[in-house]
Amino acid sequence: MDGTAILPATGRPAPSRPLLSVQDLTVQFGTRAGTITAVDRVSLDVAEGETLAVLGETGSGKSALAQALMGLVPGPAGRVVSGRINYDGTDLLARPRSYTRRLCGTELAMVFQDPLSSLNPVLRVGVQIGELFRRRRGASRAEARRKAIELMERVGIPAAARRVDDYPHQFSGGMRQRVMIAMALALRPRLLIADEPTTALDVTVQAQIMQLLADLKAEHRMSLILISHDLGLVAGVADRVMLMYAGRVVETGELREVYQTLAHPYTRGLMASIPGLAGPRERLTPITGSPPDLLRLPSGCRFRPRCGFATEACRASQPDLLPVPTGPESHRAACHHAEEVVADGRSG
Amino acid sequence: MDGSAAGMPQVTDDGPAAGPDDLPPPAGRTRGRPGGLRIVCSLLVVACFVVAAVIGPILLKYDPVATNLGFRLKPPGTRLPDGSLAVFGTDQVGQDVLAQMMQGARVSITVGVATLLLAGFIGVTVGVLAGYFGGWVDAVLMRLADIQLTFPSILLAIFIASILGPSVVNLVIVLSIANWVTFARVTRSQVLGIKRRDFVDATRTLGARTWHLMTRTILPSCTAPIVVVATVVLGHVILAEASLSFLGLGSPASTPSWGVTIANGRDYLSNAWWISTIPGIGLAVLVISFGVLGDALRDRFDPRMTSL
Amino acid sequence: MAGPADPLLSVRDLYTSFPIRSAFLRREVGRVQAVSGVSFELAAGRTLGVVGESGSGKTTLARTIIGLERPESGRVVFDGRDLPDLSGAELRRARRQIQMIFQDPYAALNPRLTVAQIISEAWAIHPGVVPRGRWTAEVKDLLARVGLNPDHADRYPHQFSGGQRQRVGIARALALRPRLVICDEAVSALDVSVQAQVLNLLVDLQADLGLTYLFIAHDLSVVRHISDEVVVMYLGKVVETGTVAQMFTAPVHPYTQALLSAVPVPRPWAAPHRQQVVLAGDIPSPMSPPSGCRFRTRCWKAQQQCAAAEPALVDRLAGHRSACHFPELPARARTAAVVRP
């Protein structure tokens with residue numbers, strides 16, 4: 001079986017064991033037209049205080065991965081078929097869902113893409129933030145309110161003492177996302193999963209939120225899984241990246257190493273698709289075609305029909321996620337021609 | 001984006017996606033859809049009634065003025081002097097109840113469909129105009145609808161029947177006046193939602209005139225909910241027609257609609273239950289079928305519609 | 001008829017506003033000034049990028065130019081003729097030459113029509129552009145031109161992926177052989193690899209058909225890639241305008257500088273001299289814009305003067321204009337101080 005390699009935590013002086021270690025996670029969704037494997041034997045590690053960026057386009061399975069980590073895969077259509085999610089030494093999948101639920105907030109927390117639909121529209125935000133303290137910490141009403149104001153101040157909501165009594169619709173998109181982050185951080189989780197936290201926001205507000213996440217992460221020595229489609233967005237925050245394509249991990253490693261030495265044709269295609277902000281304006285060299293239909297996956301490597309390096313070997317077998325020959329052990333790519341891709345990138 | 005409904009797996013959002021030249025074959029019509037069984041069953045029942053209304057009176061002649069006093073009030077299953085079997089018995093003047101019911105189904109369904117067409121035409125027109133133009137047009141038309149709703153249709157029927165006399169045409173007019181508002185409201189709310197959609201703007205930027213936008217772009221997108229409303233209204237109309245006829249305000253006694261038959265049998269309930277009961281059951285079955293059909297169609301086409 | 005030196009599109013002092021209605025009786029209680037006094041010119045065959053955050057009025061500007069909104073005042077001169085002055089058939093003829101590509105490829109196509117019907121609808125509306133007998137052939141030509149399989153003309157929008165639908169939208173916009181195409185966030189909703197394909201397509205179409213683009217987007221790297229000139233809008237006003245080279249190498253307005261610095265770049269370590277400006281706060285509500293300079297509430301240079309008087313759009317260098325009381329000279333802007341409020 002391929003793709004079973006367990007990644008070392010990081011290249012840095014590694015902590016004794018990763019906070020979160022996912023092995024061979026497979027998530028499937030039943031649709032009327034057939035079963036699709038949204039996440040296909042994905043493994044990842046996140047160390048204490050580390051930020052992992054999970055990158056991919058629509059249909060790559062990155063959001064299904066996040067749902068699986070939080071125990072939020074929508075049933076009965078979706079289910080985790082196999083794999084292990086080891087959080088701090090406990091396999092969450094071996095425990096009942098209620099176990100994961102108990103960890104939510106205090107250990108794990110999540111920030112979603114659309115803050116408006118994640119907030120209760122008829123409750124004041126202060127009440128929604130404070131409820132966490134009341135329910136989980138047994139705080140009094142006044143205490144919870146004080147804590148809510150404190151948190152709102154910390155996430156940069158101006159005039160927090162006044163705005164604590166406002167309803168979600170009275171906040172702008174950026175401020176709502178701050179409220180969501182405040183709620184996620186209320187109980188000081190050790191791992192925060194942020195699923196496209198800035199996609200709905202303007203670029204200046206996006207920069208604010210990313211700055212906030214980076215600051216908070218440093219302050220709490222919190223681990224962060226940042227899920228995004230934007231290669232540039234995560235560059236300033238993430239330590240490591242993991243790129244997904246059609247449910248599989250195609251490339252992973254230290255962010256800088258991966259971005260400098262693109263070892264998978266897909267990663268390379270994505271990079272080439274981003275118009276630059278400096279330098280000459282050249283014609284873009286995008287990836288041809290569209291992502292595959294998960295119901296009709298091509299044989300062998302899933303990226304093969306769109307790949308310029310594809311050969312017979314790619315049709316015959318799915319490539320394993322293996323260390324890139326010339327790079328450090330942590331840089332892995334799932335490509336039969338990784339060496340070629342790297343060499344081509346260096347010469348080009 | 002509307003595809004981001006909660007609980008939808010993200011992977012299905014991008015739908016069929018392949019290279020420009022290897023699109024998957026057309027999908028979407030093959031998946032099972034909600035309400036299939038209910039739609040089939042209720043349609044079958046409705047079809048039975050329609051067939052009975054169309055063919056029945058040809059096979060089993062019914063003469064509204066004929067009497068056969070020797071065979072009055074015979075229970076279901078009696079054999080008549082002409083050799084035929086009175087499956088549903090005979091009434092107080094010796095008429096076959098089944099023949100009368102089939103003739104009545106003709107009246108009921110004709111009145112129902114005619115009302116539907118008239119009310120639907122008025123209602124959809126008003127709804128499209130109000131929704132599309134908004135402003136004072138909307139205000140005037142919708143206040144008119146409100147006034148209409150506050151006016152009991154029974155009262156209106158008495159009023160019209162007393163002026164024009166009871167007739168099938170008058171019945172259609174009364175029922176149309178009572179029912180166009182439903183069409184107008186549903187159409188208006190649909191138009192309000194659709195006219196702001198990007199594809200309508202896109203057609204507008206092509207230079208389309210108002211008429212083109214209303215009839216070719218907006219109206220076709222409203223059809224599903226209108227069909228749902230029509231189905232439910234048809235049931236209501238048939239029931240209302242029977243009620244009015246029962247009260248003597250609808251079809252004249254010479255036209256044996258179900259309401260008339262039920263009313264006639266009222267005096268004989270103690271000794272000849274079938275005269276009122278059997279047409280009553282027939283009416284109930286038909287109206288319930290339309291209700292079920294409407295519900296099922298709504299589930300299929302417009303699960304969020306709550307306007308009924 | 002416009003002479004060769006005249007711009008294809010000239011917008012002068014355009015104002016567009018929307019009524020604010022009360023919940024009770026829907027009475028008009030005020031107006032939101034979405035576009036307030038925008039002027040620019042766009043020469044034939046060129047691309048003008050319009051950038052700004054949501055609430056900047058860039059989409060309303062596009063909708064006003066194409067006639068989906070009525071301007072309050074100001075002129076939209078297309079090919080030498082003032083569009084709001086035209087009426088009936090003349091207006092329809094003029095409008096035919098301006099088409100639009102919409103942001104959301106899912107919402108902009110009528111789900112009940114096939115691709116062929118969507119594209120040929122334009123010809124049903126404007127008889128005489130393409131005779132009915134040529135429709136099928138013409139649809140196939142257009143589909144091939146935008147990179148779709150011509151045999152898929154009879155499919156419905158839901159059978160295509162997002163990128164393919166956007167190509168259908170482009171084919172529809174081209175059906176009337178327009179001279180000006182307004183792209184309203186035309187690539188924003190697409191995945192990055194598909195976005196690059198569509199950008200290349202737009203560039204090719206411009207070269208082949210001599211199109212003029214008004215390209216509205218919030219993504220500055222995309223705008224830089226496709227535009228010749230750029231207009232930066234903030235709360236309905238133009239704050240800076242110039243050529244791409246001027247704007248991206250030496251932005252002079254603080255807002256432009258902030259926007260540029262907020263663009264995520266994949267390899268930040270490769271551009272160590274990039275400014276780091278993280279703006280505080282959100283864009284104010286257009287219902288109650290700040291007095292004086294509208295950007296002053298988020299500007300690190302703001303002084304008393306900014307609240308008192310509105311800065312005019314002043315030419316700083318060779319057509320590079322900005323509206324700021326404290327402009328940096330374009331030549332010096334490159335070394336602007338690193339600011340992190």
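Start with chain A and select its strands 6, 7, 8, 3, 9, 10, 12 and 11: in that order, these eight strands form an open sheet with mixed pairing. The model is a predicted one. Now find the edges of the sheet. They are strand 6 (108–111) and strand 11 (322–323) of chain A, each of which pairs on one side only.

Next, zoom in on residues 240–245 and 248–254 of chain A. These are strand 9 and strand 10, and they run antiparallel, joined by six bridges. Which residue stands opposite Met242(A)? Show side chains and look across to strand 10 of chain A: the partner is Thr252(A).

Keep that pair of strands in view and add residues 265–273 of chain A. This is helix 11, which lies across strand 9 and strand 10 of chain A. Helix 11 runs at about 100° to strand 9 of chain A.

Move to chain C. Here, too, is an open sheet, built from four strands in the order 2-1-4-5, with antiparallel pairing. Strand 2 (28–42) and strand 5 (81–82) of chain C are the edge strands, and each pairs on one side only.

Select residues 9–21 of chain C for strand 1. How many bridges pair strand 1 of chain C with strand 2 of chain C? There are 11, in the antiparallel sense. For a landmark, pick Ser10(C), which stands opposite Glu41(C) in strand 2 of chain C.

Now add residues 58–66 of chain C. This is helix 1, lying across strand 1, strand 2 and strand 4 (73–78) of chain C. The angle between helix 1 and strand 1 of chain C is about 110°.

Last stop: the interface. Show chain C and chain A together. The contact draws 42 residues from chain C and 41 residues from chain A. About 3,600 Å² is buried between the two chains, and carbon and sulfur atoms give 55% of that area.

Look for charged partners across the interface. The rule finds one salt bridge there. Select Asp204(C) and Arg283(A): their side chains meet in this salt bridge, at 2.8 Å, N to O. Polar contacts across the interface link 20 residue pairs.

Which elements of chain C give two or more residues to the side that touches chain A? Colour helix 6 (192–209), helix 7 (220–226), helix 8 (244–249) and helix 9 (254–262) of chain C. Helix 6 of chain C gives the largest share, eight residues. Finally, colour this side of chain C by residue type: 21 are nonpolar, 11 polar and 10 charged.

Note on methods
Residues numbered from 1 in each chain as written. Chains lettered and ligands numbered in written order. Predicted model: local features only at pLDDT ≥ 70, side-chain atom pairs only at ≥ 80, totals over all residues. Heavy atoms only, no water. Contact = heavy atoms within 4.5 Å. Buried area = accessible area lost by both parts, 1.4 Å probe. Salt bridge = Lys/Arg side-chain N within 4 Å of Asp/Glu carboxyl O. Polar contact = N/O pair within 3.5 Å; in protein donor to acceptor, adjacent residues only side chain to side chain. Nonpolar A, V, L, I, M, F, W, Y, C, P; charged D, E, K, R; others polar. Pairing = 2+ DSSP bridges. Axes fitted to C-alpha atoms, helices over the stretch in contact; angles between N-to-C directions.
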